[in-house]
Amino acid sequence: MSARDRILAKLRANAPQSPLPVPTSQLDAHYAARKRQESTLDRLARFRTGIESFHADVHVTLEESWPELLARLCAEKGVSSLLYGAATPAGERLDAAAFAAGGTTLRPWAGQVEDIKADLFHKVDAGFTQARGAIAETGTLILWPSPAEPRTLSLVPPIHFVLLDAATIHPTFFDALRAENWAGGLPTNALLISGPSKTADIQQTLAYGAHGPKELIVLVTTREGATQ
C-alpha cells in the first residue's frame with residue numbers, strides 16, 4: 001500500500017458515518033438581521049468599491065455593448081492574442097473581425113494544456129472568462145471553470161478579462177450559497193477572485209502577477225438605462 005493509499009484509508013476510516021448537522025436556521029437568522037434594502041446598482045457600487053481597492057479595473061456597460069468594449073480594451077492594452085472559450089454563450093458573441101481591427105487575434109480554447117503550453121506561457125497576452133456571479137460585501141468574483149472555459153484562461157495569461165452580469169451580484173457569500181443552492185452540487189473547482197494575483201512572500205514587498213495575472217479587468221453589464 002502506498003503512502004497515498006494509507007492516508008486516504010485513515011481519512012475514510014475516521015469519516016463521520018452520516019453528514020454533520022449544519023446550523024442552517026442559525027445562519028439564516030444571523031444574515032437576515034443584517035440584510036440590506038439595496039438595489040442592483042447599490043450592490044454593484046459596493047462590489048466595485050471592494051474589488052477596485054484590490055487593484056482591479058471595473059467597466060460598466062450595457063449588456064449589448066460589452067463585446068465592443070472588450071475589443072476596445074484589448075486594443076488599448078496592446079493585447080495581440082486573447083484566449084477564450086468559443087463554445088460558451090459569451091464566447092459565441094465575439095467577432096474576430098472587430099478584434100482584428102485593433103490588432104488582437106482571438107484564440108479559441110481547444111485541446112489540452114500540454115498541446116499549447118509553449119504558446120500559452122509565451123504568446124497569449126490575455127484570457128477572457130465569464131463570472132457566475134459576485135459578492136458585494138467583499139468585492140469578489142465567483143467563477144466555476146468548465147471544460148469549455150477551463151481554469152487556465154484565468155490563471156496563466158498576464159491579463160484576465162471577466163464578464164459579469166450586475167444582476168448576479170449577491171450581498172454576501174452566504175446569500176450566493178443559498179440563492180444558487182451550492183449544497184445541491186459543486187464543481188471540482190470554484191474560484192473566488194478579488195483582484196490580480198499578488199504575493200508579499202519576499203521581504204514583505206507586495207508584487208503583482210507572481211502566481212497569475214498582473215491585471216484583472218471586470219466588464220459589468222447592466223440592463224438598458226442602468227449604467228453609471
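Trainee: Which helix supplies the largest share of the lining of the second largest pocket?

Mentor: That is helix 8, with three residues. Keep in mind that this is a predicted model. Helix 2 also takes part, as helix 2 and helix 8 each supply at least two residues of this lining.

Trainee: What makes a residue part of the lining of the second largest pocket?

Mentor: A lining residue has an atom within 4 Å of a point of the pocket. Val 22, Thr 24, Leu 27, Phe 174, Leu 177, Arg 178, Asn 181, Trp 182 and Ala 183 line this pocket, so each of them has an atom within that distance. The volume of the pocket is about 240 Å³.

Trainee: How do those lining residues divide into nonpolar, polar and charged?

Mentor: Six are nonpolar, two polar and one charged. Arg 178 is in the lining, and Arg counts as charged, so Arg 178 is the charged one. Thr 24 and Asn 181 count as polar because neither Thr nor Asn is among the nonpolar or charged types.

Trainee: And the largest pocket, what lines it?

Mentor: There are 14 lining residues, and Tyr 31, Arg 34, Lys 35, Pro 171 and Asp 175 lie nearest the centre. Helix 2 (24-32), helix 3 (40-52) and helix 8 (173-179) each give two or more residues to that lining. Helix 2 has the largest share, three residues. The pocket's volume is about 330 Å³.

Trainee: How many residues of that lining are charged?

Mentor: Nine are charged, alongside four nonpolar and one polar. Arg 34, Lys 35 and Asp 175 are lining residues, and they belong to the charged group because Arg, Lys and Asp are counted there.

Trainee: Why is another space called a cavity rather than a pocket?

Mentor: In a cavity a 1.4 Å probe fits but cannot get out, whereas a pocket is an open set, so the name says that the space is closed to that probe. The search of the whole structure finds one cavity of 30 Å³ or more. Its volume is about 40 Å³, so it passes that cut-off.

Trainee: What makes up the lining of the largest cavity?

Mentor: Thr 129, Leu 143, Trp 144, Pro 145, Glu 149, Pro 150, Arg 151, Ser 154 and Leu 191 line it. Five are nonpolar, two polar and two charged. Glu 149 and Arg 151 are the charged pair because Glu and Arg are counted as charged.

Trainee: Which residues does the UniProt annotation "domain: LUD" cover?

Mentor: In the unreviewed UniProt entry, it covers residues 45-220. The end C-alpha atoms of that span lie 11 Å apart, and the span is 26% helix and 27% strand.

Terms used
Residues numbered from 1 in each chain as written. Predicted model: local features only at pLDDT ≥ 70, side-chain atom pairs only at ≥ 80, totals over all residues. Heavy atoms only, no water. 1 Å grid on protein atoms, 1.4 Å probe; cavity = no way out; pocket = protein on both sides within 12 Å on 5 of 7 lines; lining within 4 Å. Points joined across faces, edges and corners; volume = space filled by probe spheres on them. UniProt positions renumbered as here; feature names shortened; annotations may be inferred. Helix = DSSP H or I, 4+ residues; strand = E, 2+ residues; numbered from the N terminus.
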